[in-house]
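Visitor: I should like to take a close look at a single part of this structure, and then to see how the rest is arranged around it. Please begin with one pair of residues and build outward from there.

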Amino acid sequence: MLALVASQMLVFNHIHLFGYATPLVSVYLLFLFPLGTQQWSILLWGFVCGLLTDIVSLTPGVCAASMTLAAFIQPKLLKSMEPQNAAEDMQASFHTLGFWTYVRYAAILTTVFMLAYWLVLAFSFFHFTDMVLTLVGSWIVTTALCLAIEGARTRKTVM
Amino acid sequence: MHSLLDFIARYYHWLLFLLLEGISFVLLFQFNHYHNSVWFTTANTVVGQINAWEQEAIRFVHLHEANRALTERNLLLEQQNALLREHILELNHDSTFVEQLQQDMMENMTSIPGKVVTNSVLRRDNYITINVGEADGVRPEMGVVSGTGIVGIVYMTSTHYSIVMPLLNSKSRISCRLHGTGYFGYLKWEGDDPLYAVLDDIPRHARFNVGDMVETSGFSSVFPAGMFVGKVSAIENSDDGLSYKLIVHLGTDFGRLQDITVLAETFHDELHSLEQRADSLAQQ
């Protein structure tokens with residue numbers, strides 16, 4: 001978690017692709033909670049991670065609220081995508097869920113997180129077009145980065 | 001209590017979720033100027049709207065009381081308005097053209113102002129009671145006028161009250177003429193509209209128009225000549241076809257009649273006494 005927060009603070013907060021796309025990789029933390037994890041535990045981890053990200057990004061409450069929301073739906077989402085005969089403590093990955101199912105899982109979770117994050121941050125629809133472009137751009141970059149991190153993690157585990 | 005604990009145990013993650021979101025939003029509104037201002041603006045709007053609804057509800061609850069107070073106030077103002085109107089009428093009593101005309105004609109007449117006590121316009125034979133009587137100098141067969149035209153003839157008198165036979169009575173016959181022509185006839189009421197009467201016996205060769213003024217002829221001592229009665233509103237043939245029957249729009253609105261003036265000839269008593277003596281001598 002600390003690595004994610006540190007990378008967010010030191011690297012990703014400074015990336016604004018085409019002026020719109022900013023990756024928010026903190027959400028990747030939520031991908032890692034296996035099936036059967038206590039809901040309160042995921043909520044607290046998500047909240048704390050979001051809060052730390054807020055502190056380093058100077059956006060108090062924005063990431064915390066978004067991460068808490070994403071943490072709230074993560075167990076239900078993973079349960080709905082769980083393959084047959086999966087282990088009770090199955091952790092989501094390319095191997096356990098399959099590539100496309102994992103991509104779907106990551107995309108949905110990231111979408112919820114990004115929607116909440118940018119809506120709370122903008123808190124209005126005055127610059128709707130800019131907001132949509134930022135949201136879509138950030139979502140694409142964040143999802144791609146999360147998938148890349150997951151790919152690297154999976155390869156490392158296999159090796 | 002057990003149910004409450006059971007509920008909390010079952011839905012604790014919902015409660016935790018709401019708690020954490022609550023903390024997040026508190027931080028959001030507390031430490032972000034933009035969100036803080038939006039929050040306060042929205043909160044103020046919402047609070048203002050709720051306060052407005054509350055005030056509306058309170059006003060609605062107290063509407064009955066306000067209504068009663070308004071009714072009382074309205075009655076008071078109506079009374080004041082009536083008094084003021086009466087006062088203005090008294091102050092402007094001789095300001096209208098018709099009244100000025102009537103006063104010019106009343107050189108040999110004494111006027112006795114009075115008020116209508118009872119009145120009716122719906123019967124075939126209407127009578128009006130006025131608040132002046134013998135004590136004020138009123139005698140039977142005196143003329144009664146209002147500010148806008150003639151009213152009728154005094155029928156009976158008591159010490160302080162008199163009964164007037166108005167135009168709106170089937171027995172009333174008042175000699176009238178068409179202004180400026182000299183053609184005269186008898187004005188009578190046919191019992192329909194209290195605003196219209198009929199002037200009979202206008203000869204066929206008379207020339208006149210709708211809108212011409214009808215006035216008293218002066219052929220009796222009741223009304224002096226030239227007092228405004230009304231205006232011709234329609235011309236019809238009489239029943240026998242030998243004369244015209246004029247429909248006259250009366251100047252006096254009997255439905256709203258309040259102030260009247262009794263016309264007393266200055267030497268009415270002397271004249272009456274002389275006539276009586278002459279009658280008695282003739283009988284001898």
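**From one strand pair outward**

Guide: In this predicted model, B:I202 stands opposite B:Y244, a residue of strand β11(B). The pair belongs to an antiparallel pairing in which six bridges connect β8(B) with β11(B), the latter covering residues 243-250 of chain B.

Let us move from β8(B) to the other strand with which it pairs. Strand β8 spans residues 196-203 of chain B, and two bridges hold it to β7(B), again in the antiparallel sense. Here B:L187 has B:L199 of β8(B) as its bridge partner.

One step further along, β7(B) meets strand β6(B). Residues 174-178 make up β6 and residues 184-188 make up β7, and the two antiparallel strands share four bridges. Among the paired residues are B:C176 and its partner in β7(B), B:G185. The two strands form a hairpin with five residues between them. One residue of that turn, B:G180, has a positive phi of about 85°.

These pairings are parts of one closed arrangement. Six strands of chain B form a barrel, in the order β6-β7-β8-β11-β10-β9, with antiparallel pairing. On average, and with direction ignored, neighbouring strands of this sheet are turned by 40° against each other.

Chain B also holds strands that are not named in that order, and β3(B) is a useful one to study. This strand covers residues 143-146 and pairs with β4(B), residues 149-157, through four antiparallel bridges. Within this pairing, B:S146 has B:G149 as its partner. A hairpin of two residues leads from β3(B) to β4(B). Strand β3(B) also pairs with β12(B), residues 259-265, where three bridges join the antiparallel strands. In that pairing the partner of B:G143 is B:L263.

Are the two faces of β3(B) covered or open? In a regular strand the side chains alternate between the two faces of the sheet. In β3(B), one side carries B:G143 and B:V145, the other carries B:V144 and B:S146, and all four residues are buried, which leaves both faces covered.

For chain B as a whole, the secondary structure comes to six helices and twelve strands. The chain has 284 residues, of which 26% count as buried. Its contacts between residues at least 6 apart in sequence include 55% that join residues at least 24 apart.

We may now turn to the nonpolar cores. The largest of them has 46 residues, and those with the most contacts inside it are A:V27, A:L30, A:M67, A:A70, A:L109, A:F113 and A:Y117. Elements giving two or more residues to this core are α1, α2, α3, α4, α6 and α7 of chain A, together with α2 of chain B. Helix α6(A) supplies its largest share, eleven residues. Another core, of 43 residues, lies apart from this one, and its members include B:V132, B:L168, B:V214 and B:Y244. The residue B:Y244 has thus appeared before, as the one opposite B:I202.

In the largest core, A:L109 deserves a separate look. Beyond its neighbours within four places in sequence, A:L109 is in contact with A:V27, A:L30, A:F31, A:A70, A:Q74 and A:L77.

How do the helices α4(A) and α6(A) lie against each other? Their axes come within 9 Å and cross at roughly 155°. That angle makes α4(A) roughly antiparallel to α6(A). The residues in contact include A:A70, A:Q74 and A:L77 of α4(A), and A:L109, A:F113 and A:Y117 of α6(A). The crossing of these two helices is right-handed.

Helix α4(A) also meets a helix of the other chain. The axes of α4(A) and α2(B) come within 8 Å, with a crossing angle of roughly 165°. The two helices are therefore roughly antiparallel, and α4(A) passes α2(B) in a left-handed crossing. From α4(A) the contact involves A:V62, A:A64, A:A65, A:T68 and A:F72, and from α2(B) the residues taking part include B:F17, B:L20 and B:E21.

Finally, consider the contact between the two chains in full. Chain A contributes 14 residues and chain B contributes 15. On the side of chain A that touches chain B, the elements giving two or more residues are α3 and α4. Helix α4(A) gives the most to that side, with five residues.

Methods:
Residues are numbered from 1 along each chain as its sequence is written. Chains are lettered from A and ligands numbered from 1 in the order in which they are written. This is a predicted model: local features need pLDDT of at least 70, side-chain atom pairs count only at pLDDT 80 or more; totals for chains, interfaces and linings use all residues. Two strands pair if DSSP finds at least two bridges between them. Axes are lines fitted to C-alpha atoms, for helices over the stretch in contact, and angles run from 0 to 180 degrees between N-to-C directions. A nonpolar core is a set of buried Ala, Val, Leu, Ile, Met, Phe, Trp, Tyr and Cys residues joined through C-beta atoms within 7 Å. A residue is buried if 20 or more other C-beta atoms lie within 10 Å of its own, exposed if 12 or fewer, and partly exposed in between; C-beta atoms are placed from the backbone. Two residues are in contact if their C-beta atoms, placed from the backbone, lie within 7 Å. Angles under 35 degrees count as roughly parallel, over 145 as roughly antiparallel, 65 to 115 as roughly perpendicular and the rest as oblique. A crossing is left-handed if the near helix is turned anticlockwise from the far one by less than a right angle, and right-handed if clockwise.
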